Amino acid sequence: MDRNIARLRERLAPLGVSLRPHLKTAKSIEVARRVMSTPQGPATVSTLKEAEFFAAAGVRDIIYAVGIAPWKLAKVIALRKQGVDLAIVLDTVEQAQAVAAASREAGDAIPALIEIDCDGHRSGVLPTDRDRLVAIGQALTQGGELRGVLTHAGGSYAARGEEALRRCAEDERLAVVDAATILRDAGLPCPVVSMGSSPTAHHAHDLTGVTEVRAGVFMFFDLVMAGVGICRIEDIALSVLATVIGHQRDKGWILIDAGWMAMSQDRGTSKQAVNQGYGIVCDSSGVAYDDLILADANQEHGIIMVRPGSGATLPDLQIGDRVRVLPNHACATGAQHRRYHVVHGTDDRVVAEWQRFGGW
C-alpha cells in the first residue's frame, strides 16, 4: 500500500496537479492519513456517511462525488456548519436550483462542481453542450457557488494497452478543460478542474488545464486493475485470509471458509482476457500459487481449483492451512469486513488492526 501511494504521488508531481484521493475504497481513517497530503485533506468520498466519518476525524476539504439529491442538502449544510469545506456534484438545472435555494435559506453558498461526461460511461453533461453547462452554472450562482467541473473516465476500465489508456486520459482531460473554457467564456467562475480514475491517473502525460486528479483503488489495487494493466499481481495490497476446511480430491477441489460473503460477488475479471474467478489464491505470506484461483463460491464456502486449461498442479494444502485470496474488486471485498489486519510485505505477523466502516 505504501509503495502504491508513493508511486502515484511521484507520477503526478511533475504534471503540476494535486492528488485528491478517493476514500471510498478504504473507508478507514488510518489509510486516509497515509494517502492524503495533509490530515485535513483534500479527499473525495462517495457517501455522506463517509463525509461525516472523515469530518469527525478532522478532514476539512471534501468532495462528495455522487450526484446530489435535494433531500441530502440538509446533511451537507450541517457538515459545512461544522467547518467542513464540503463540495457536491450535480449535472442538471433542477439540482442547481435546489442547491441555490437551500444555500439562500441557510445563508451558506454551497459549493458545487458540474459533472462532465467524458466518455459516455454513466452521467454528466457533455462538454459540447454549451447551453446546458451555462444554464446549470447560472442557476447555481443564484445563491450557491460554482466551484468548477469534475469528470470520471469510467470507460477507461475497459481500455487495454498503453496507447488506449493514454488516449482515455487525454480525452478525459480535454472534456473537463473544454467545459471549463465554456463556463469561463460565459463569465462564470471555474477555479477547480477535476478529473480522475486510477487507470487514467497512471497514464496521463499532459494535464494542462487540470487542477487536481482523483483516484481511489490505486492504494490497494485489485485483479481488475491488474487485468487492465495498471499494476502487477505483486502490487495488490488487499487480501482475505482464509483457512482450508476440506477436500474433494476426485473433483480437484480444496474448500476454504471464505465464500462470496467474504470476497463479495464481484466478478469483474470475467469480462477480461483472464477470468480470475472470485480471486487468486496465495500462500499465507501473499505469494501467489501457480494458476490457483477461487473458482466458485457459496455464502461461506470457497472452492479452490487449478485454473481450467492450466498444466499447474493443486498444492498439497492440509486442513487448517491458511491461504490469502486476492480480490477482483478491492472496494467490494473491503465492504464485507470491519477491520484490516496489517502486515508488512511477506511477513504474515499482524502488526496493527485498522478499523473500517460501511453503510450509508
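**View 1. D291 in strand β12 and F221 in a loop, two residues with positive phi.** D291 is placed in strand β12 (residues 288–297), where strands, E runs of at least two residues, and helices, H or I runs of at least four, are taken from DSSP and numbered from the N terminus. Although D291 is not a glycine, its phi is positive, at about 55°. With a relative accessibility of 26%, D291 counts as partly exposed, a class that lies between buried (under 20% relative accessible area) and exposed (over 50%), as computed with a 1.4 Å probe on protein chains only. F221, also a residue other than glycine, has a positive phi near 60° and lies in the loop between β8 (212–215) and α9 (223–228). The relative accessibility of F221 is 0%, and this residue counts as buried.

**About the model shown in these views.** The model is predicted, so that local features need pLDDT of at least 70 and side-chain atom pairs count only at pLDDT 80 or more, whereas totals for chains, interfaces and linings use all residues. Residues are numbered from 1 along each chain as its sequence is written, and side-chain values use heavy atoms, with hydrogens and water left out.

**View 2. The parallel strands β2, β3 and β4 with their crossovers**. Strand β2 (residues 43–45) pairs with strand β3 (residues 61–67) in the parallel sense over 3 bridges, pairing being assigned if DSSP finds at least two bridges between two strands. A43 stands opposite I62 of β3, and I62 in turn has L86 as its bridge partner in β4. Strand β4 (residues 85–90) runs parallel to β3 and is joined to it by 4 bridges. From β3 the chain crosses through helix α4 (residues 73–81) to β4, and this β-α-β crossover is right-handed, a term for a path from the first strand over the helix to the second that runs clockwise with the strands pointing away from the viewer. A right-handed β-α-β unit is also made by β2, helix α3 (residues 48–56) and β3.

**View 3. The cis peptide bond ahead of P42**. The peptide bond from G41 to P42 is cis, with omega near 5°. P42 is placed in the loop between α2 (29–35) and β2.

**View 4. A51 of helix α3 and its contacts**. A51, which belongs to helix α3, is buried, with a relative accessible area of 1%. Not counting residues up to four places away in sequence, A51 touches V45, I62, L79 and L86, where contact means heavy atoms within 4.5 Å. The C-alpha atoms of A51 and K75 are separated by 9.8 Å, and these two residues are 24 residues apart along the chain.

**View 5. Aromatic rings of F53, F54 and F357**. A search of the whole structure finds 4 aromatic pairs, counting rings of Phe, Tyr and Trp (its six-membered ring) whose centres lie within 6.5 Å, with planes under 30 degrees apart called stacked, over 60 edge-to-face and the rest tilted. The rings of F53 and F54 have centres 5.3 Å apart and planes at 90°, so the pair is edge-to-face. F53 is partly exposed at 32% relative accessible area, whereas F54, at 0% relative accessibility, counts as buried. Together with F357, residues F53 and F54 form one aromatic cluster.

**View 6. R267 over the ring of Y278**. R267 lies over the face of Y278, at 4.7 Å from the ring centre; a charge sits over a ring if NZ of Lys or CZ of Arg is within 6 Å of the ring centre and within 35 degrees of the ring normal.

**View 7. The buried residues of helix α6**. In helix α6 (residues 130–140), the residues L133, V134, I136, G137, A139 and L140 are buried. The elements against which these buried residues pack are β4, α5 (93–106), β5 (111–116), β6 (145–151) and α7 (162–185).

**View 8. A204 and its contacts from elsewhere in the chain**. A204 is found in the loop between α8 (198–201) and β8, and at 4% relative accessibility A204 counts as buried. Leaving aside its neighbours within four places in sequence, A204 is in contact with R11, L15 and A169. A204 and R11 are 193 residues apart along the chain, and their C-alpha atoms are separated by 9.3 Å.

**View 9. Cysteines C118 and C231, in a structure with 0 disulfides**. The structure holds 0 disulfides, a disulfide being a pair of cysteine sulfur atoms within 2.5 Å. The cysteine sulfur closest to that of C118 belongs to C168 and is 8.3 Å away, too far for a bond. C231 is in no disulfide either, and the nearest cysteine sulfur, that of C282, is 13 Å away. C118 counts as buried at 16% relative accessibility, and C231 counts as buried at 10%.
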